[in-house]
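Here's a quick briefing to read with the structure open beside you. It goes through charge pairs, cysteines, an annotated stretch and a helix pair.

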Amino acid sequence: MAQSLELLLIQFLMPDNDARRQAEDQIKRLAKDPQVVPALVQHLRTAKTPNVRQLAAVLLRKRITGHWAKLTPQLKQYVKQSLIESITVENSPPVRRASANVVSVVAKYAVPAGEWPDLLTFLFQCSQSAQEDHREVALILFSSLTETIGNTFRPYFADLQALLLKCMQDESSSRVRVAALKAVGSFLEFTNDGEDVVKFRDFIPSILNVSRKCIASGEEDVAILAFEIFDELIESPAPLLGDSVKSIVEFSLEVSCNQTLESSTRHQAIQIVSWLAKYKYNSLKKHQLVVPILKVMCALLAESSDQEDDDDLAPDRAAAEVIDTLAMTIPKHVFNPVSEFASVHSQSPNPKYREAAVTALGVISEGCFDIMKDKLDPVLNIVLGALRDPEQMVRGAASFALGQFAEHLQPEILTHYQSVLPCVLNAIEDTSEEVKEKSYYALASFCENMGEEIVVYLDPLMRQLMAALGNSPRNLQETCMSAIGSVAAAAEQAFNPYAERVLESMKFFMVLTNDEDLRARARSTELVGIVAMSVGRKGMEAILPPFIDAAISGFGLEFSELREYTHGFFSNIAEILDDSFAQYLPRVMPLVFASCNLDDGSAVNIDESDDENVNDFGGVSSDDEAHDEPRIRNISVRTGVLDEKAAATQALGLFALHTKSSFAPYLEESLKIMDKHSGYFHEDVRLQAITGLKHILAAAHAIFQNHNDGTGKANEILDTVMNTYIKTMAEDDDKEVVAQACMSIADIMKDYGYVAIQNYLSPLVDATLLLLTEKAACQQLEDESDDDDDGGHDEVLMDAVSDLLPAFAKCMGSHFEPVFAKFFEPLMKFAKASRPPQDRTMVVASLAEVAQDMGAPISAYVDRLMPLVLKELGSPVATNRRNAAFCAGELCKNGGEAALKYFGDVLRGIYPLFGDSEPDLAVRDNAAGATARMIVVHPQLVPLNQVLPVLLRGLPLKEDQEESMAVYTCIYSLVLASNPEILSHVPDLVKIFGQVLESPVEKVEVKAIVGRTFSHLISVYGNQLEPFISVLPPSQANLLAAYASAS
């Protein structure tokens, strides 16, 4: 075989394709015989040309796995000895490396079986050889062996680390230094032991030294390897970087700025900074690196990208990601440097820097939203000024920034509508399509949350938007439709005059079928649903059928985004039609189920590297990889399908909510889908499932309430829903999903009472306690330290958790006290003076509602709570004062004797809230409510002659009508008791009562108590009240007369 094989190897390397193919076929046939192993080994050692020796090694690596077990001990020894000789004696580096690859494969089987005990000894000797080639190949082997027999190295790990560090500092050979660097990368990837990993901290200076030299010599691929090692260190939970973080950042910033390097190399450097910003932000603060990073990244925003670069690798895009990440993690350290950069460079003669200035402000607006809301005037002036810039790129960036402001700086940004909207109206007339498109986005984001303020702009807005819709290219028509949707949502009923024309236009777009038009069709479908919400059932029901037909026909076009928006359309239609939507269920439910059950699995392609494939013999002039395992070539998640699945899951829940008992045929399948999706891998789908489960429960309640066996079935569904919610609270890693689970449980308690939670009380309390103590899965910090003053809990999550306590109190009453005792201390942790104002007011609001519904047991906590509440009454934040006033009133009302000693302090704390210096109307209303509660429970402790004039001056309530019952019940009780202090204010009372009875926002029961109070006054004073009634507006006088006659 040996002689014929030598000829075939030579023939395989010939340029003649026919001869090469014949050789391949013959080699494949011979390779099935185990004797091919010694034959290939012989040629590896004795063939005259390096190419043949290398090819022999490559083929040996491919075939030895299948034949090793069949070889005799003598042959195995021969193979091992020959490989060692090849590594140490061979002159050709490619042959040496190919032999090393064979060693790696053989070792995978021989070392664990005890058949190669002296291999490691040989490698250690080789790595300390005087010959550079030997040291290099030993390190290459250490790298490849780590992947196959890494566990064998564990007892020698300390020696190996010392050896690798020494080789990385080898000043005589760059090849050895690079091989050592690669070996470090392999070992770091292999080891999971925290103590072993920490030791690599000592390598960082050497890694940086090797990398700098490689950058200088043009070996950028080695520098990229260094960044990959840093990546491993950063993502490790161990505190790995230590003081070296400064050196890593400095090197990364050097590479980031170096425009002579490949974009991929620079991108890796910027990515390291991005990972540090995400995972080790406390280290960046500690070493004062935030400002240097921001200076470089803001400057990179102004760097012109090479048009041939992949956009994802463009330095400006990667830099924006770093700035965004820093803003999200440590906003207090980011705003000032970025604001300063924007302020200086917004006036730059270089348009790229003017563009960078506004881009930076847009990028940080999500993370720095709290700070920017307070500094809105200066940053908004920069952006609005840039909208008028002569350069298109600057105007486009300004439109983007304004859109970001509109999205993230709510509601404060809306107070600037008089300056913002005219600028946006001007920008959507821009000559540049890019500026127009971004301006539509800004307009859509801005208008979405506007209220009646938009009405005065409706005519110019709709005139321009409808004109643009008629004569713009498709991409602009799409963003234009998005803007019209936001305008319609904000204007509500005021949009009616424009609805008919918009709906008529949408008929054209909703039947487009060309692939390039389907996105516009999707937008138009969405827009019809939004307009339907504004117009309402009365205006839409009769004209819906053609839109329903068009929407359903779109499902046959195989465009995921269209299906996603169509599910949203049907969700809106279900909301306006309510139970009448049941007529469409037979047509839409199969479509929703189909989308919910779509297979969107991660597309993973595996390259099996089939030994029989001819291509396995190719590439003999390069290092052939020593991986026998399948390689994952590509992983991708089809995000379009994810969005469709989320929209369909949302629609499913809303259909159940609105059609109630008509949903019966679909209930079982829908519950299965919701249950499955609540554990889905992507949080967007889980969020909709967690929301939808509550709606499924509502439908089940309606369906089974009149069934003989309904209670059992309803309880089965309740069991699924509650167990899912409790598991989500403890185990889900997404804060928004967990917050939704908490809100849904609170709603269930309010809707169904204690009976809904009685069987789940213990695990529900445990899950709530886990969240209050910040030990749930979604609250595990990503950074190595928890002393961050910017981080802390997620406000939305903790608001939802704190809302659970009042829900418990509402359905359990005084029986909540033993459970509340468990929650109290963890909750009070958020009320410390060191906590931000929103934390403290969250606690106060929660306690106020608990006091309201738990009742008398709150008395045990009054001494702990009153000092906090009294301090919060003087808070500079209106929400805090409002909640403190509410809480003070409830504690005085239900706190029993424990609260009596605080009445004077509370009255003194509340008094300023009635004055002209209090700008917030809701705060005044809550002060009135608190005062009323105190009077009702202990009138003798309240100086009515001083208090009543102040209280009555604040009536009627202006904003928080939730306080109305407390206030007017108090007045009723005083009038009924003929209290002389209240009777001296009869003229004021008549005036107040007239306004309350006419108010469109006061509830019927409030008007009833006011009516009864007035009737009592009539019975006491009769015609003496006529002068006070006669000065009222006729409408109010008539309402009072109606109540008087009714009594």
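Is K901 buried or exposed? K901 is exposed, since its relative accessible area is 54%. Keep in mind that this is a predicted model. Salt bridges number 35 here, while the disulfide count is 0.

**The salt bridge at K901**

- K901 pairs up with D863 in a salt bridge, and their closest N and O atoms sit 3.1 Å apart.
- D863 belongs to helix 43 (residues 862-872), whereas K901 is in the loop between helix 45 (897-900) and helix 46 (903-910), so this pair ties together parts that are 38 residues apart in sequence.
- D863 has a relative accessible area of 44%, so it goes down as partly exposed, while its partner K901 is exposed at 54%.
- Elsewhere, E774, K829, R835 and D839 form one network, joined by salt bridges that share partners.

**A buried charge pair: D430 and R395**

- D430 and R395 also make a salt bridge through their side chains, at 2.6 Å from N to O.
- You'll find D430 in the loop between helix 24 (417-427) and helix 25 (433-448), with R395 in helix 23 (residues 392-408), so the contact ties together parts that are 35 residues apart in sequence.
- D430 is buried, because its relative accessible area of 11% falls under the 20% cut-off.
- R395 counts as buried too, with 11% relative accessibility.

**The annotated stretch and its R45–E85 bridge**

- An unreviewed UniProt entry carries the annotation "domain: Importin N-terminal" for residues 23-89.
- Across residues 23-89 the chain is 81% helix and 0% strand, and the C-alpha atoms at the two ends are 29 Å apart.
- R45 and E85 form a salt bridge, with 3.5 Å between the closest N and O atoms.
- This pair links distant parts of the chain: R45 is in helix 3 (residues 36-46) and E85 is in helix 5 (residues 73-89), 40 residues apart.
- R45 counts as partly exposed at 25% relative accessibility, and E85 is partly exposed as well, at 31%.

**Cysteines**

- With 0 disulfides in the structure, what is the nearest cysteine sulfur to C480? That would be the sulfur of C447, 12 Å away, and C480 is in no disulfide.
- A disulfide needs the two sulfur atoms within 2.5 Å, so the 12 Å between the sulfurs of C480 and C447 doesn't qualify.
- C480 is buried, with just 1% relative accessible area.
- C887 is in no disulfide either, and the nearest cysteine sulfur, on C892, lies 9.5 Å away.
- C887 counts as buried as well, at 1% relative accessibility.

**Helix 26 against helix 28**

- Two packed helices are described by the angle between their axes and the distance between the axes.
- For helix 26 (residues 458-471) and helix 28 (residues 496-509), the packing angle is about 15 degrees and the axes are 12 Å apart.
- That angle makes helix 26 roughly parallel to helix 28, because angles under 35 degrees fall into that class.
- The handedness of the crossing between helix 26 and helix 28 is left-handed.

How values were computed:
Residues numbered from 1 in each chain as written. Predicted model: local features only at pLDDT ≥ 70, side-chain atom pairs only at ≥ 80, totals over all residues. Heavy atoms only, no water. UniProt positions renumbered as here; feature names shortened; annotations may be inferred. Helix = DSSP H or I, 4+ residues; strand = E, 2+ residues; numbered from the N terminus. Buried < 20%, exposed > 50% of the residue type's maximum accessible area, 1.4 Å probe, protein only. Salt bridge = Lys/Arg side-chain N within 4 Å of Asp/Glu carboxyl O. Axes fitted to C-alpha atoms, helices over the stretch in contact; angles between N-to-C directions. Parallel < 35°, antiparallel > 145°, perpendicular 65-115°, else oblique. Left-handed = near helix turned anticlockwise from the far one by under 90°.
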